Amino acid sequence: YNEHPTLFKLLAISTIGVSGGGIVYAEVNTPSGANAVEPTKKKKVVVLGTGWAGMSFLKSLNNPSYEVEVVSPRNYFAFTPLLPSVTCGTVEGRSIVEPIRNIINKKKFDARYWEAECYKIDQVNKKVYCRTAADLNGKSEFSVDYDYLVIAMGARVNTFNTPGVEENCHFLKEVEEAQDIRRNLIDSFEKASLPSLSDEDRKRMLHFVVVGGGPTGVEFAAQLHDFVNEDLAKLYPAVKDHIKITLLEATDHILNMFDKRITAFAEEKFNREGIDVKLGSMVTKVTDKDISTKERGSGEISSIPYGMCLWSTGIGPRPVIKEFMQQIGQGNRRALATDEWLRVEGCDNIYALGDCATINQRKVMEDISVIFSKADKDKSGTLTVKEFEEVIADICERYPQVELYLKNKQMLSIVDLVKEAKGNPAKEETIEVNIEEFKLALSQVDSQMKNLPATAQVANQQGAYLAKCFNRMEECEKNPEGPLRFRGEGRHRFRPFRYRHLGQFAPLGGEETAAQLPWDFVSIGHSSQWLWYSVYASKQVSWRTRALVVSDWFRRFIFGRDTSRI
Ligand code: FAD
């Protein structure tokens, strides 16, 4: 432009003239036979949410034949796995966020962003109703039409309607919440150091309680323990003996979704380090000073004085999703049910992904039955061990939640049991396994079977999968029999979504992490911590956040964490 402004303007005018600023012109034959240019309106895709699922969808969508509108109350993407690190100042809040406009401005298609929340989805008129938090003198509400709707609104914290939780506990889902926790932690130490307080007050103030022994609760407890020991204890020596961290978990173990070796290691490590892990302890009520608990086994009721409490017990649907589920007859579900192509059941052109959605288990069970029947070629109702192992491997590859379920029930060892019962014969192929029994066992527990985990990994893969489908949609519609058509089952033109589990981490503090990798490979210790650093650095969505996060880690190594309450 600087060198040839006139040429630039001419080019710009001719480009706008051709593209029509958002309208694609197609050459068509008019009845008279002359060629004319008729505008083909772009299909409008509305994306609700800028979290893992929404961001991944937007990043992978590259077909310019769409017009995209993004609605989210958050104008940035947040790298949630590092939220626990933000609570203690190991990394800064701003280092883990990427403005959504940075992402959409790089796209080749027309993309717009509205900072607002969707409060109603009208599937009949293909509209979403939105409102912004800003006071715009009665103009804060608007509606957006769509051709395709992508719901990626995540979920909210589930309090199980426990009285007092909303009012008195901290949650850890948003960057602001992590920053709030950080401020509150320092505040507790400053207040507890004041001369007017009794030791009893100090003890209560410096009692940090974490409710929920899942990955988030455990990582927060570990981060807090490091923060206290590495930084705060030195700065607040007068109160350091009053500090206590308690972790309350309603089931028998923390990190239930991890391998038993990891669970055992974590429990032992926490006990050794003085983190009080109370298993089988259900919180029944929270006031501003005490947490009431009920022991699962004995029914004993206790009251725990506390200073700060983090509530991290799982997720539930957002109100707008709940209302939408009622509208479409899914009112009794905990998340929007989709098919394996991520289409919301019973709706046209509406897709749901990430934490707000779940793939309908009925379909999973149907598929499992098909796999069994195919393997049972002679229809005898039995399989050889070899065939059986293949079937299990196939099912587990398609549905990691089944693998998890089978593992919990120790069903994968069925093969070993059969071998043992038959005197460990040398020729495994001669052993037969009764699949009917196995199918029955699976179907009986269908409702208990765990869905895909609500993780960034799933949301990220679903976003990328759906974008790929959208990228090819037009081509597939034009060439229904083309090579991209999914011929196998003949049900849909795309392959169904398949989740690839790449492993999971549980940082346990003290520069030690537990890693559960594919093929049941478990690694715990300092080397896994380095793996954790490299994976999380590489998974950042931009070079900017990558540089910021890595420099925060270095800063912490050299200077320790910042303890100013700002
Ligand atoms: P989110 O990422 O929550 O995004 C939801 C989006 O919807 C947000 O942009 C939000 O602003 C927007 N939204 C909300 N309401 C509305 C509305 N009414 N209208 C429009 N938009 C709306 N997973 C892992 O795999 N590994 C980890 O290590 C890990 N660690 C975690 C640590 C913490 C502390 C937390 C909280 C979660 C962690 N997770 C981890 C889980 C992971 O963050 C979630 O599974 C993932 O964020 C789900 O992605 P999503 O896009 O469905 O939802």
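## Notebook: one chain, looked up piece by piece

**Entry 1, a helix pair.** I began with two helices and found that α2 passes α16 in a right-handed crossing. I keep in mind throughout that this is a predicted model. Helix α2 covers residues 52-60 and helix α16 covers residues 456-478, and their axes come within 7 Å of each other, crossing at roughly 35 degrees. I then looked up which residues meet there: on the α2 side I noted W52, A53, G54, M55, S56, F57 and S60, and on the α16 side A456, A459, N460, Q462, G463, A464, L466, A467 and K468. Sorted by kind, the residues of this contact come to 9 nonpolar, 6 polar and 1 charged.

**Entry 2, K468.** I stayed with K468, whose place is in helix α16. Is K468 buried, partly exposed or exposed? I counted K468 as partly exposed because it has 17 C-beta neighbours inside 10 Å, while a buried residue would need 20 or more and an exposed one would have 12 or fewer. I also looked up its separation from L61: K468 and L61 are 407 residues apart in sequence, yet their C-alpha atoms are 6.8 Å apart in space.

**Entry 3, the ligand.** Next I looked at the shell around the ligand, where I found 33 residues, of which G49, G51, G154, G354 and T455 come nearest. Which helices and strands each supply at least two residues of this shell? I listed helices α2, α3 (83-87) and α16, together with strands β4 (66-72) and β8 (117-122). The two helices of my first entry, α2 and α16, are thus both among the suppliers of the shell. By kind, the shell divides into 17 nonpolar, 11 polar and 5 charged residues.

**Entry 4, the whole chain.** I stepped back to the chain as a whole and noted 18 helices and 28 strands. Of its 566 residues, 35% are buried. I also checked how far along the sequence the contacts reach, and among contacts with a separation of 6 or more, 64% join residues 24 or more positions apart.

**Entry 5, nonpolar cores.** I looked up the largest nonpolar core, which has 119 residues, and wrote down V47, L48, V150, I151, A266 and L336 as those with the most contacts inside it. Helix α8 (residues 215-235) gives the most to this core, namely 8 residues. There is also a second, separate core of 7 residues, including I368, L383, F388 and I392. I then took A266 and set aside its neighbours within four places in sequence, which left contacts with V218, I254, L255, A506, L508 and A514.

**Entry 6, N229.** I returned to helix α8 to look at N229, which has its place there. N229 counts as partly exposed because 16 C-beta neighbours lie inside 10 Å. From N229 to T382 I found 153 residues in sequence and 59 Å in space, C-alpha to C-alpha.

**Entry 7, two positive phi angles.** Which phi does L342 have, given that it is not a glycine? I read a positive phi of about 65 degrees for L342, which is found in the loop between β21 (336-338) and β22 (350-352). L342 is buried, because 25 other C-beta atoms lie within 10 Å. I found a positive phi again at E511, of about 60 degrees, although E511 is not a glycine. E511 is found in the loop between β26 (504-509) and β27 (512-517), and it is partly exposed because 15 other C-beta atoms lie within 10 Å.

**Entry 8, two more loop residues.** I placed T162 in the loop between β12 (156-157) and α5 (165-168), and I counted T162 as partly exposed, because it has 19 C-beta neighbours inside 10 Å and 20 or more are needed for a buried residue. Leaving aside neighbours within four places in sequence, I found T162 in contact with V283, T284, K285 and V286. T162 and F324, in turn, are 162 residues apart in sequence and 25 Å apart in space, C-alpha to C-alpha. Last, I looked at Y499, which lies in the loop between α16 and β26 and is likewise partly exposed, because it has 19 C-beta neighbours inside 10 Å. Y499 and T293 are 206 residues apart in sequence and 38 Å apart in space, C-alpha to C-alpha.

Terms used. Residues numbered from 1 in each chain as written. Predicted model: local features only at pLDDT ≥ 70, side-chain atom pairs only at ≥ 80, totals over all residues. Axes fitted to C-alpha atoms, helices over the stretch in contact; angles between N-to-C directions. Helix = DSSP H or I, 4+ residues; strand = E, 2+ residues; numbered from the N terminus. Left-handed = near helix turned anticlockwise from the far one by under 90°. Contact = placed C-beta atoms within 7 Å. Nonpolar A, V, L, I, M, F, W, Y, C, P; charged D, E, K, R; others polar. Near = placed C-beta within 6 Å. Core = buried A, V, L, I, M, F, W, Y, C linked by C-beta atoms within 7 Å.
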